[in-house]
Amino acid sequence: MVSSLSGVLRTAKRYGDYGANFLLGTGADRIGKEIGMAVKGRARKAVGMSIPQAIGAGVKKGIARNHAELAKNGGFLRNLWANIKNTPSAMGKGWSEGAGIFSKIGKAVKPLGKLMPFIMNALWLAQSIPDIVARTKDEGIWGGIKEAGKAVVKMGVFSVSAAVGSTFGIAGMLALPIAAGMVTDMIVGKSYGEKKAEAEAEKEQAQQQQNPFAQQSKVGQKLDITSAA
């Protein structure tokens, strides 16, 4: 009984590490870049591999590299803490290795790249908290869970699509996340805050249309404009 429970906990920890690294670490970025390289690679055209097959191969390779990275670094939290701890010294080393001022700045800033996925995704989740809290208040815990799930899906899609787009240059890095975000909104829906704001705007517009005084005021404004002309 104890050994089976221990096995379950180890499995949960392992998949928790994978999920955390995908959402907050480098997992989504790694998988996205592998997809992009597989799609645009010459090998795909040489062997006649279709785009869906290339996407599948990229996902498989990205997941394998992601798992290997986590195993090497002792899990998501240890890897993140190591990156945070080593960044100041790496930035100082990069500055000292630079030949000129721009070279020094470039090499000093480069180590921050390892932390950028965590910073950007953490900010994404932070801005979703008000929507999750508001929906939980209005619809209960299940509503909050659904809103949290929606935020996670959107963040994952954005992170992967941005990484895929980056393999095609700046235009791809900007255009693909926008297109992917529009499709995701159509599938999972807009955020709770956006839906609530739209509903309130429609309600206010309906009230104005039903208000005879507001309609008379609009008619009067048109008559004034006409007479002024």
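Lys 195 is found in helix α10, residues 192–210; helices here are DSSP runs of H or I of at least four residues, strands are runs of E of at least two, and both are numbered from the N terminus. With a relative accessible area of 42%, Lys 195 is partly exposed. On that scale, buried means under 20% relative accessible area, exposed means over 50%, and partly exposed is in between, with a 1.4 Å probe and protein chains only. Leaving aside neighbours within four places in sequence, Lys 195 is in contact with Lys 150, Gly 189 and Lys 190, where contact means heavy atoms within 4.5 Å.

A word on the source. This is a predicted model, in which local features need pLDDT of at least 70 and side-chain atom pairs count only at pLDDT 80 or more, while totals for chains, interfaces and linings use all residues. Residues are numbered from 1 along each chain as its sequence is written, and side-chain values use heavy atoms, with hydrogens and water left out.

Now the chain as a whole. It has eleven helices and zero strands. Of its 229 residues, 26% count as buried. Taking contacts between residues at least 6 apart in sequence, 62% join residues at least 24 apart.

Next, two helix pairs. Helix α2, residues 27–40, packs with α8 at an angle of about 40 degrees, the axes being 7 Å apart. Axes are lines fitted to C-alpha atoms, for helices over the stretch in contact, and angles run from 0 to 180 degrees between N-to-C directions. That angle makes α2 oblique to α8; under 35 degrees counts as roughly parallel, over 145 as roughly antiparallel, 65 to 115 as roughly perpendicular, and the rest as oblique. The crossing of α2 and α8 is right-handed, that is, the near helix is turned clockwise from the far one by less than a right angle, and anticlockwise would be left-handed.

Which residues of α2 and α8 meet? From α2 they are Ala 28, Asp 29, Gly 32, Lys 33, Ile 35 and Gly 36, and from α8 Ser 159, Val 160, Ala 163, Val 164 and Ser 166. By class, this contact has five nonpolar, four polar and two charged residues. Ala, Val, Leu, Ile, Met, Phe, Trp, Tyr, Cys and Pro count as nonpolar, Asp, Glu, Lys and Arg as charged, and the others, Gly among them, as polar.

Ala 28 of α2 is buried, at 1% relative accessibility. Not counting residues up to four places away in sequence, Ala 28 touches Asn 21, Phe 22, Ser 159, Val 160 and Ala 163. The C-alpha atoms of Ala 28 and Phe 158 are 9.1 Å apart, with their positions 130 residues apart along the chain.

The other pair is α5, residues 76–97, and α6, residues 101–109, with axes that come within 7 Å and cross at roughly 160 degrees. These two helices are therefore roughly antiparallel. Their contact includes Met 91 and Trp 95 of α5 and Ile 101 and Ile 105 of α6.

Last, aromatics. A search of the whole structure finds one aromatic pair. The ring centres of Trp 124 and Phe 158 are 5.2 Å apart and the planes are at 35 degrees, so the pair is tilted. Rings of Phe, Tyr and Trp (its six-membered ring) pair if their centres lie within 6.5 Å; planes under 30 degrees apart are stacked, over 60 edge-to-face, the rest tilted. Trp 124 lies in α7, residues 116–139, and Phe 158 in α8, residues 141–166, so the pair ties together parts 34 residues apart in sequence.
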